[in-house]
Amino acid sequence: EKLARQIACLDADPRLGLCYTDTRGVDPTGRELTEQHNPLQVPRDWTDGLGRLLRVNIMAASTVLLRRPALERVGPFDPAFHLAGDWDLWLRIAEEFPIAAVPEVLIDYGWHGGNLSRARAAILEEGIAVQEQALSRIARHPRWSHERALVPARRAARRKLAARCSELGLLLAREGRRADALSWHARSLRLRPLQPRTWSRW
């Protein structure tokens with residue numbers, strides 16, 4: 001059923017590079033975890049889809065169905081990323097192809113006590129790298145660099161990037177890694193020097 005719905009979505013618009021679906025969070029017993037559900041983000045158009053992805057990874061990897069030509073054009077997963085490689089790939093595809101969502105729950109996502117929470121610092125650091133690279137590519141992209149409709153999303157992405165740097169700094173400070181923490185805090189301030197909350201957290 002999942003593949004059929006997604007194939008129909010891709011067939012309906014030959015321009016699409018990928019599509020994804022909604023998920024349902026479940027515990028190891030199969031019980032639904034409504035508190036773990038993030039509302040599905042449904043792109044209105046190509047620009048909106050890319051803009052949403054610039055801020056945050058809006059799709060679970062297990063829900064994604066992509067076209068082979070899209071993958072051949074942008075290349076495979078980047079082996080440099082072990083925790084955020086999916087987000088990096090979706091961004092590279094969304095820069096070159098529109099994306100779409102199938103607004104149905106077609107995947108159960110299993111949650112347990114760990115779910116990478118212990119690797120939060122590493123996840124943040126990779127996410128920051130992915131987001132920085134994407135914003136850099138957008139700034140040079142022949143289609144997107146001068147696209148006014150994307151400007152608000154690019155600004156929002158920079159705010160989100162600053163927040164990630166600040167959060168990583170706080171995590172490292174709690175671990176006693178003050179020099180590393182101050183370095184990430186400084187990066188956050190460079191991104192948002194006029195944001196009082198950024199200063200007040202330190």
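Which residue forms a salt bridge with Asp48? In this predicted model, the partner of Asp48 is Arg52, and their closest N and O atoms are 2.7 Å apart. Both residues belong to helix 2 (residues 46–55), where they sit four residues apart, a separation of about one helical turn. Asp48 is buried, at a relative accessible area of 12%. Arg52 also counts as buried, with 16% relative accessibility.

**Salt bridges**

The structure has 13 salt bridges. Side chains of opposite charge can pair when their charged atoms come close. The table lists some of the pairs, including the one just described.

| Acidic residue | Basic residue | Closest N and O atoms |
|---|---|---|
| Glu104 | Arg5 | 2.1 Å |
| Asp48 | Arg52 | 2.7 Å |
| Glu175 | Arg177 | 3.5 Å |

The pair of Arg5 and Glu104 joins two kinds of element: Arg5 lies in helix 1 (residues 2–12), while Glu104 lies in strand 3 (residues 99–110). The salt bridge therefore ties together parts that are 99 residues apart in sequence. Arg5 is partly exposed, at 33% relative accessibility, and Glu104 is partly exposed as well, with a relative accessible area of 29%. The two residues do not stand alone, since a network of salt bridges links Glu1, Arg5 and Glu104.

In the pair of Glu175 and Arg177, the arginine is partly exposed, with a relative accessible area of 40%.

**The two sides of helix 1**

Helix 1, which holds Arg5, has a buried side and a face turned away from it. Lys2, Gln6, Cys9 and Leu10 are buried in this helix. These four cover an arc of only 95° around the axis, so they lie on the same side of helix 1. The face turned away from that buried side carries Ala4, Asp11 and Ala12, which are exposed.

**Cysteines**

A disulfide is a covalent bond between the sulfur atoms of two cysteines. How many disulfides does the structure hold? The number is zero. Cys9 is therefore unpaired: the nearest cysteine sulfur, that of Cys19, is 4.2 Å away, whereas a disulfide needs the two sulfur atoms within 2.5 Å. Cys9, one of the buried residues of helix 1, has a relative accessible area of 17%. Another cysteine, Cys165, is buried with a relative accessible area of 0%.

Key
Residues are numbered from 1 along each chain as its sequence is written. This is a predicted model: local features need pLDDT of at least 70, side-chain atom pairs count only at pLDDT 80 or more; totals for chains, interfaces and linings use all residues. Side-chain values use heavy atoms; hydrogens and water are left out. A salt bridge is a side-chain nitrogen of Lys or Arg within 4 Å of a carboxyl oxygen of Asp or Glu. Buried means under 20% relative accessible area, exposed over 50%, partly exposed in between (1.4 Å probe, protein chains only). The arc is that of the directions from the helix axis to the C-beta atoms.
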